[in-house]
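Trainee: I should like to learn how to read a structure of this kind. Please guide me through it step by step.

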Number of protein chains: 2
Amino acid sequence: MSGEALIDGRSAARIDVRDRGLHYGDGLFETMAVVDGAVRRLAAHLARLWTGCERLGIAPPDPGLLQAEIAALAAGQQRAVLKLILTRGSGGRGYAPPEPGTPRRMLLREPWPGYAAGRCEDGVAVRLCHTVPGDQPRLAGIKHLNRLEQVLARREWSASAEDAPAEGLMFDGRGDVVGGTMSNVFIVREGRVLTPRLDRCGVAGTVRAALMQAAMRAGVPCQETTIARDALYAAQEIFLTNALIGIWPVRRLEDRVLAVGPVTRHMQTLLDAGANREADRDADGTPIRP
Amino acid sequence: MSGEALIDGRSAARIDVRDRGLHYGDGLFETMAVVDGAVRRLAAHLARLWTGCERLGIAPPDPGLLQAEIAALAAGQQRAVLKLILTRGSGGRGYAPPEPGTPRRMLLREPWPGYAAGRCEDGVAVRLCHTVPGDQPRLAGIKHLNRLEQVLARREWSASAEDAPAEGLMFDGRGDVVGGTMSNVFIVREGRVLTPRLDRCGVAGTVRAALMQAAMRAGVPCQETTIARDALYAAQEIFLTNALIGIWPVRRLEDRVLAVGPVTRHMQTLLDAGANREADRDADGTPIRP
């Protein structure tokens, strides 16, 4: 059995109907991969959560408590998804938050998604979305609960079609690439690895950050930049990242067919090596402080 | 006792922790004034909810069922607030909505807010907010659950200070007025009543719509337009509207002191007259179809 939920440390399936996460999306989340009983890149997830807390002015949970709860839900799971939601809690009058508030944390364990096998190997088809995320520098990069733009973008296509794309790419109001609805995007141009800046919209993924660090350590030029639609189409390789999928090569962008190239394969190797090093470190049992 | 909640027609205080309203803000809400056992401008609230359902692709609830539930919670209440939340329900994988989904409706009755007495008469102080709402035409005008921008704006000041403002005004990326964090704004210029267009951001309020209609019927020129910061400062009168407050005259905008003028008073009279006509109609018992 892999479906289970802890709300403020207690096993429960329901929350207060007056929670501000429901009323306003007043909170944050993390979607984490559990592999062999441990969360991958837990420190990066917690660091992003802490950044989000700072931006929204929500008191972060006690790190030791949170990690104990995460460990309890991850234990014994070969592969599972752990979703953490932290809201500002219940109360307040209208938009004004209660002072002091009592944030609420929810941990949901879900089955590993049944993504079609072989996507990391063979790559995926990707479409371009019409939904344009608005600029909001104060919320850019963090993983907050206001996700209607992603829902609207994801509703643009159905997954049930025979040759349905696995993901859709979104463009900002200037026509520059932001990323996928649920993933970050990288392009390869003349041996350099590029990914969109996320200072106006988008979510700064944990795999995105891990990969940029790994690339730099391996001597592969990698940087954040502005990527216009033309640059996307001119890319030699394209790939997508997130905490659950790792790296998916893009083998088709709308009508354009791409080869899964050597840089993408190199990045997959670097990411796997990083995960293995992390697993070795976890065996030490050193607690992570965000 | 005025606090009570109905979830899908049943008395309950908790919802499924997997509701998409919590995870993504994937839903809509209405905040309604109950006066003498009936919701004010119910038809306008339901019409906006239906518009929101169409935009988000959420199946609207059965109107007769919803109205029966609203009537049950409003009955016997001299003054109360009724908040309706409609979400896409639970489920789906990630952002992709479940097909077909089962939307969830929640009705919460809350005590009438303890706003300082005399605000309609004496007017309120208003501040200018730094938080800039992003442009999102696909969500503009409707009352969806992605409200972090309003929460951030409302956190810019504390209500506990002696001479705290009652509301804050927000400006879009071009520097044009959008409205208050929880209200629509009107300005009076040379006898004309103007309010910001809401095609890129903001919520199209029920009182805003009622007032524009009433003004036109009464021969007062009234229109939607672009209102720059300078135009706001040059206004002879300013007032705020929403379903709970009705019309609040603005008597101070940051450091600028305004008189509560004749046009604002005229608008208050028109709004009251409309509410009274509506109450007479309600006595007929004719059901409202959105």
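Mentor: The discussion below takes up the symmetry, the interface, the sheets and the salt bridges in turn. Please keep in mind throughout that this is a predicted model.

Trainee: By what turn and with what RMSD can chain B be laid on chain A?

Mentor: One superposes one copy on the other and reads the operation that achieves it. Here a turn of 180° with a shift of 0.0 Å along the axis lays chain B on chain A, and the RMSD is 0.0 Å. The two copies are therefore related as by a two-fold rotation axis.

Trainee: Which residue of chain B comes closest to the rotation axis?

Mentor: That residue is B:Leu22, whose C-alpha lies at 2.1 Å from the axis.

Trainee: How many residues does each chain bring to the contact?

Mentor: Chain B contributes 57 residues and chain A contributes 57 residues. Of the interface residues of chain B, 100% are also interface residues in chain A, so the copies meet through the same surface.

Trainee: What area is buried between chain B and chain A?

Mentor: The buried area is about 4,700 Å², and carbon and sulfur atoms give 60% of it. In chain B, the residues that lose the most area to chain A are B:Leu22, B:Tyr95 and B:Leu148, which together account for 17% of what that side buries. B:Leu22 thus appears twice in our reading, as the residue of chain B closest to the axis and among those losing the most area.

Trainee: How many salt bridges and how many residue pairs in polar contact are found across the interface?

Mentor: There are 2 salt bridges between chain B and chain A. In one salt bridge, the side chain of B:Arg18 meets that of A:Glu110 at 2.7 Å, N to O. The polar contacts across the interface comprise 21 residue pairs.

Trainee: Which element gives the most residues to the side of chain B that touches chain A?

Mentor: The elements giving two or more residues to that side include β1 (4-7), β3 (14-16), α1 (20-24) and α5 (148-154) of chain B. Of the elements, α5(B) gives the most, with 6 residues. By class, this side of chain B has 25 nonpolar, 12 polar and 20 charged residues.

Trainee: How do strands pair, and which strands join the two chains?

Mentor: Strands of a sheet pair through backbone hydrogen bonds, in either a parallel or an antiparallel sense. Between the chains, β3 of chain A (residues 14-16) is joined to β3(B) by 3 bridges, and the two strands run antiparallel. Within this pairing, A:Asp16 stands opposite B:Arg14.

Trainee: What is the order of the strands in the open sheet of chain A?

Mentor: The order is β2-β1-β7-β6-β4-β5, a sheet of 6 strands with antiparallel pairing. At its edges stand β2 (10-11) and β5 (38-39) of chain A, each with a single partner strand, so one side of each has no neighbour in the sheet. For β5(A), 2 antiparallel bridges link it to β4 of chain A (residues 27-35), and A:Val34 has A:Val39 as its bridge partner.

Trainee: What strand order does the open sheet of chain B have?

Mentor: In chain B, an open sheet of 6 strands likewise reads β2-β1-β7-β6-β4-β5, with antiparallel pairing. There, β4 (residues 27-35) and β6(B) pair over 9 bridges, with B:Ile85 as the bridge partner of B:Phe29.

Trainee: Finally, how many salt bridges are found over all chains?

Mentor: The whole structure has 30. One of them joins the side chains of A:Arg105 and A:Asp8, at 3.5 Å, N to O. This pair links distant parts of the chain, 97 residues apart: A:Arg105 lies in β7 (residues 104-111) of chain A, and A:Asp8 lies in the loop between β1 (4-7) and β2 of chain A.

Definitions and conventions. Residues are numbered from 1 along each chain as its sequence is written. Chains are lettered from A and ligands numbered from 1 in the order in which they are written. This is a predicted model: local features need pLDDT of at least 70, side-chain atom pairs count only at pLDDT 80 or more; totals for chains, interfaces and linings use all residues. Side-chain values use heavy atoms; hydrogens and water are left out. Copies are superposed by least squares on the C-alpha atoms of residues with pLDDT of at least 70 in both. Contact means heavy atoms within 4.5 Å. Buried area is the accessible area (1.4 Å probe) that two parts lose on being put together, summed over both. A salt bridge is a side-chain nitrogen of Lys or Arg within 4 Å of a carboxyl oxygen of Asp or Glu. A polar contact is a pair of N or O atoms within 3.5 Å; within protein, one must be able to donate a hydrogen and the other to accept it, and residues adjacent in sequence count only if both atoms are side-chain atoms. Helices (H or I, at least four residues) and strands (E, at least two) are DSSP runs, numbered from the N terminus. Ala, Val, Leu, Ile, Met, Phe, Trp, Tyr, Cys and Pro count as nonpolar, Asp, Glu, Lys and Arg as charged, and the others, Gly among them, as polar. Two strands pair if DSSP finds at least two bridges between them.
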